[in-house]
Amino acid sequence: MAVPKRKMSRSNTRHRRAQWKATTAQLVTITVDGVPYRVPQRLVKAYERGLLHPVD
């Protein structure tokens, strides 16, 4: 495991942490029982197979 040799300043720590950003889920439109829903792309197969149920 990497161990820092010197203490990192608060300023450098906060600048590094500020670069991390979450991305929004890619939503796609699918039709379940004639009703269109916007769901994350990675879950489309689960909705089509009936493993998940869209919420109104």
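The largest nonpolar core in this predicted model consists of six residues: Ile30, Val32, Tyr37, Val39, Val44 and Tyr47. Strand S1, strand S2 and helix H2 each contribute at least two residues to this core. One of the core members, Val39, touches Gln26, Leu27, Val28, Ile30, Val44 and Tyr47 when residues up to four places away in sequence are left out of the count. Two of these contacts, Ile30 and Val44, are themselves listed in the core, as is Tyr47.

The two strands that supply core residues are paired with each other. S1 and S2 run antiparallel and are joined by six bridges. Val28 has Val39 as its bridge partner in S2, and Leu27 is bridged to Pro40 of S2. Val39 thus appears both as the partner of Val28 and as a member of the core. Together S1 and S2 form a hairpin, with two residues between the strands.

The turn of this hairpin contains Asp33, located in the loop between strand S1 (27–32) and strand S2 (35–40). The phi angle of Asp33 is positive, at about 55 degrees, although the residue is not a glycine. In general, most residues other than glycine have a negative phi. Asp33 has a relative accessible area of 77% and is therefore classed as exposed.

Beyond the hairpin, the chain continues into helix H2 (44–49), and His53 is placed in the segment after this helix. The relative accessibility of His53 is 64%, so this residue also counts as exposed. His53 is separated from Val32 by 21 residues in sequence, and the C-alpha atoms of the two residues lie 8.9 Å apart in space. Val32, for its part, is one of the residues of the nonpolar core.

At the level of the whole chain, two helices and two strands are present. Their order from the N terminus is α-β-β-α. The radius of gyration is 21 Å, well over the 10 Å that the globule rule gives for 56 residues, so the chain is more spread out than a compact globule. The C-alpha trace spans about 60 × 25 × 15 Å along its principal axes.

Burial and contact order were also computed for the chain. Of its 56 residues, 14% count as buried. Among contacts between residues at least 6 apart in sequence, 0% join residues at least 24 apart. The chain exposes about 5,800 Å², of which carbon and sulfur atoms supply 53%.

The confidence of the prediction was summarised over the chain and by element. The mean pLDDT of the chain is 89, with 98% of residues reaching 70 or more. Confidence is highest in helix H1 (residues 10–18), with a mean of 93. The lowest confidence is found in H2, where the mean is 89; H2 is also one of the elements that supply at least two residues of the nonpolar core.

Definitions and conventions:
Residues numbered from 1 in each chain as written. Predicted model: local features only at pLDDT ≥ 70, side-chain atom pairs only at ≥ 80, totals over all residues. Heavy atoms only, no water. Helix = DSSP H or I, 4+ residues; strand = E, 2+ residues; numbered from the N terminus. Rg over C-alpha atoms; globule rule 2.2 N^0.38 Å. Buried < 20%, exposed > 50% of the residue type's maximum accessible area, 1.4 Å probe, protein only. Contact = heavy atoms within 4.5 Å. Areas by Shrake-Rupley, 256 points an atom, 1.4 Å probe, with all protein chains shown as cover. Core = buried A, V, L, I, M, F, W, Y, C linked by side-chain atoms within 4.5 Å. Pairing = 2+ DSSP bridges. pLDDT = per-residue confidence, 0-100.
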